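Here is a short walk through one structure. Keep the sequence and the 3D view open as you read.

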Amino acid sequence: MSIELQNISKLYGSQKALDHISLNIKSGEITGLLGPNGAGKSTMMKIISCFLPPTEGSAKVNDIDVMNSPQLVKAQIGYLPEQNPLYPDMYVREYLHYIAGIYQMKGEIEEKINQVIELTGLQIEQKKKIGALSKGYRQRVGLAQALIHDPEVLILDEPTTGLDPNQLVEIRELIKKVGQEKTVLLSTHIMQEVEAICDRVIIINNGKLIADDTTANLNKLFSNSEIIHLELDKEIPKKELPRLEALANVTKIDDCKFELQPKESKDIRKEVFQWAVDSGIQILSMNKKINNLEDIFHQLTQ
């Protein structure tokens, strides 16, 4: 396993930020870490990255214990915190040289810097001062510093915060590209981001692990796909809606829109359509409700 947590808890005084978290993240996975503000996401990533000690439990990266061998663990990890720690007065290449020195990198440093600049798309900005870069390019520099020593594990805390839609797409594609060869743990509040790039979703709330699965499996598990959204061409009283034996409940959304819930997991659209034909009513739209990750997140954390 690339990341292994066993019974991890973290206390800040009497406040429990993490409550007996256990999980394994395999090599080569892009895993989305979700949770409300204060759920414990950043604390968990700081423990994995050796910035905080756990109060209880053990954490390993590539089978190396974070408490026993923190320097070895840090050599395995590239970490981009939420507040990107850059030096605005340094030039891009100068900054990457500085980071390479911190990691005490050996060999062809210039070649490695050229490789990471190409990987992160910084070629046209590499001779500029960091302070002169856009938010999107500063995030690229942050990713470059996290990748400069070629780590096996990449930990990204809110990497797309404050980016415009075009920058979002660019950084997502970059993370997907990097994730083909590395294990990526990605914390974000943007559900579309997780659905677009992550193989797996972990949700924590109040310091507890409440979901850990693929997006597809979570959708199946929490699906309300048999609920029907119905829009008619004219207003009708709720009592005139189809009185079908399989229909458990009818909710009126507005004058012409309704939500129909069957008693069992059954597709009742044919029966509803036949009712509309018999009643001389036109259906403008009728479709199953499909949960997305945002719906699931609300169900689990509220």
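**Charged pairs and a nonpolar patch**

E170 has a relative accessible area of 38%, so this residue counts as partly exposed. Keep in mind that the model is predicted.

What does E170 pair with? Its partner in a salt bridge is R140, and the closest N and O atoms are 3.1 Å apart. R140 sits in helix α5 (residues 135-147), while E170 sits in helix α6 (residues 165-178), so the bridge ties together parts that are 30 residues apart in sequence. R140 has a relative accessibility of 10%. Buried means under 20%, so R140 falls in that class. The pair thus joins a buried arginine to a partly exposed glutamate.

Stay with helix α6. R172 lies there too, and its side chain meets that of E193 in a salt bridge, at 3.7 Å from N to O. E193 belongs to helix α7 (residues 191-197), so this pair links parts that are 21 residues apart in sequence. Are these two residues buried or exposed? Both R172 and E193 are buried.

Now turn to the strands. K208 forms a salt bridge with D19, and here the closest N and O atoms are 2.5 Å apart. K208 is in strand β10 (residues 208-213) and D19 is in strand β2 (residues 15-25), so the contact ties together parts that are 189 residues apart in sequence. Look at the cover on each side chain. K208 has 42% relative accessibility, so it is partly exposed. D19 has a relative accessible area of 15%, so it is buried.

Which residues share a network with D19? Salt bridges with shared partners join K16, D19 and K208 into one network. Why can such pairs form? Side chains of opposite charge can pair when their charged atoms come close. How many salt bridges does the model hold? The count comes to 10. Among them are R140 with E170, R172 with E193, and K208 with D19.

Leave the charges and look at the surface. Y87, Y98 and I102 make a nonpolar patch of about 300 Å². Where does Y87 sit? Find the loop between β6 (77-80) and α3 (92-102); Y87 is placed there. Its relative accessibility is 41%, so Y87 counts as partly exposed. Patch residues need over 30% relative accessible area, so Y87 clears that cut-off.

Technical notes: Residues are numbered from 1 along each chain as its sequence is written. This is a predicted model: local features need pLDDT of at least 70, side-chain atom pairs count only at pLDDT 80 or more; totals for chains, interfaces and linings use all residues. Side-chain values use heavy atoms; hydrogens and water are left out. Patches are made of residues with over 30% relative accessible area and no salt bridge: like charges are joined within 9 Å, nonpolar side chains (Val, Leu, Ile, Met, Phe, Trp, Tyr) within 5 Å. Accessible areas come from the Shrake-Rupley method with a 1.4 Å probe; for residues, only the protein chains shown count as cover. A salt bridge is a side-chain nitrogen of Lys or Arg within 4 Å of a carboxyl oxygen of Asp or Glu. Helices (H or I, at least four residues) and strands (E, at least two) are DSSP runs, numbered from the N terminus. Buried means under 20% relative accessible area, exposed over 50%, partly exposed in between (1.4 Å probe, protein chains only).
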